[in-house]
Amino acid sequence: MPVRRRSYTGPGQGKCRNKGKAVIVRIGKLSAGRQDGATLGGWGQGSRKLGSILILLASVAALTLILADQGSRGRFGPIEAHVVPSVPAPAARDGERQVGAKAAPVQVEEGRYRALSEFVARRYRVSQDAAFDLVTLAHGAGSQLHLDPLLIIAVIAVESRFNPIAESSAGAKGLMQIIPKYHGDKLEEFGGEQAVFEPAANIHVGARILKEYLRRTGNLGIALQMYAGALADDEDQYTRKVLNERHRLLQVVSPSPPRPAPPVAVRTAATRVSYPQVLPSKLD
């Protein structure tokens with residue numbers, strides 16, 4: 001049931017009301033005092049806020065610069081690396097020189113082989129790739145046997161005109177026209193007499209035969225005539241053909257201007273030697 005609110009009008013009620021008024025008056029005075037202080041110190045407080053904002057902006061800008069610098073170093077390397085070029089160590093420079101020194105002769109040799117193969121391909125109507133391979137094999141055999149590779153190429157030109165399957169009525173076969181039945185022992189290391197038509201085996205064996213004749217006679221003209229089995233030819237026609245061809249090859253690789261071939265002195269009184277009239281292979 002509803003409870004009726006009692007009204008109290010005793011003496012204490014007046015005191016409470018008076019106290020309330022006093023409290024309100026005091027609060028009002030305090031608020032007025034604070035408002036005056038805020039008015040007087042408003043400029044100082046605004047300055048402090050502005051300084052804080054400027055410091056914050058400066059910190060953000062500095063942090064941005066630091067992050068950008070670290071990013072550029074991470075992607076492109078240190079700044080000093082772009083300003084000052086790195087200098088290789090002495091050992092690295094020595095290694096580069098050695099590599100360059102090895103590369104230069106290789107380039108010179110390849111240029112020499114290309115020039116000779118172009119000449120051979122044009123003169124004897126063979127493919128340039130095949131001519132390059134044969135020129136390379138001749139230089140390899142000459143280097144191994146200490147024999148002039150141009151002389152080997154000249155012998156191939158006269159004997160077979162660079163036809164690896166050439167065969168004569170006398171049984172001479174291949175590029176340097178080797179007779180297998182007389183030089184079977186030299187062909188054994190290449191697999192036997194059937195290897196006579198293989199360019200590498202034929203060139204090596206032919207160069208070895210010519211080298212042996214040179215060592216025995218000490219005279220290039222006589223050695224070449226022995227190789228052709230033409231010691232009875234006093235005009236040394238075979239030798240002249242080979243040496244003339246060598247002279248043409250020399251003009252291809254020589255930097256000096258072409259000159260006419262000098263007369264070939266094949267047999268002189270000082271070097272003339274008497275040999276039996278037999279096939280060159282019989283002297284092995």
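**Exercises on an all-helix protein chain**

The protein chain has 10 helices and zero strands, where helices (H or I, at least four residues) and strands (E, at least two) are DSSP runs numbered from the N terminus. The model is predicted: local features need pLDDT of at least 70, side-chain atom pairs count only at pLDDT 80 or more, and totals for chains, interfaces and linings use all residues. Residues are numbered from 1 along each chain as its sequence is written, and side-chain values use heavy atoms, with hydrogens and water left out.

**Exercise 1. The chain as a whole**

Task: State what share of the protein chain is buried and what its exposed surface consists of.

Solution.
- Step 1. Buried means under 20% relative accessible area, exposed over 50%, and partly exposed in between (1.4 Å probe, protein chains only). By this criterion, 28% of the 284 residues of the protein chain are buried.
- Step 2. The protein chain exposes about 19,200 Å², of which carbon and sulfur atoms supply 59%. These areas come from the Shrake-Rupley method with a 1.4 Å probe; for residues, only the protein chains shown count as cover.
- Step 3. Contact means heavy atoms within 4.5 Å. Of the contacts in the protein chain between residues at least 6 apart in sequence, 55% join residues at least 24 apart.

**Exercise 2. Helices α5 and α6**

Task: Classify the packing of α5 against α6 and describe the residues in contact.

Solution.
- Step 1. Helix α5 (residues 128–145) packs on helix α6 (residues 149–160) at an angle of about 130 degrees, and their axes are 8 Å apart. Axes are lines fitted to C-alpha atoms, for helices over the stretch in contact, and angles run from 0 to 180 degrees between N-to-C directions.
- Step 2. The angle therefore makes α5 oblique to α6. Angles under 35 degrees count as roughly parallel, over 145 as roughly antiparallel, 65 to 115 as roughly perpendicular and the rest as oblique.
- Step 3. On the α5 side, Val135, Ala138, His139, Ala141 and Gly142 meet Pro149, Ile152 and Ile153 of α6. The residues of this contact divide into six nonpolar, two polar and no charged. Here Ala, Val, Leu, Ile, Met, Phe, Trp, Tyr, Cys and Pro count as nonpolar, Asp, Glu, Lys and Arg as charged, and the others, Gly among them, as polar.

**Exercise 3. The surroundings of α9**

Task: Determine how far α9 is covered and which helices contribute to its cover.

Solution.
- Step 1. Seven of the nine residues of α9 are buried, and the helix is mostly covered. The buried residues are Gly221, Ile222, Ala223, Leu224, Gln225, Met226 and Tyr227.
- Step 2. Their cover includes α6, α8 (199–217) and α10 (237–253).
- Step 3. α8 and α9 pack at about 135 degrees with axes 8 Å apart, and they are therefore oblique to each other. In this pair, Gly206, Ile209, Leu210, Tyr213, Leu214 and Thr217 of α8 meet Leu220, Ile222, Ala223, Leu224, Met226 and Tyr227 of α9. By class, the contact of α8 with α9 has 10 nonpolar, two polar and no charged residues.
- Step 4. The axes of α6 and α9 come within 13 Å and cross at roughly 35 degrees. Leu151, Val155 and Glu159 of α6 make the contact with Leu220, Leu224 and Tyr227 of α9. This contact has five nonpolar, no polar and one charged residues.

**Exercise 4. Leu220**

Task: Locate Leu220 and identify its contacts.

Solution.
- Step 1. Leu220 lies in helix α9 (residues 220–228) and is partly exposed, with a relative accessible area of 31%.
- Step 2. Leaving aside neighbours within four places in sequence, Leu220 is in contact with Leu151, Leu214 and Leu243.
- Step 3. Leu220 and Leu243 are 23 residues apart in sequence, and their C-alpha atoms are 9.7 Å apart in space.
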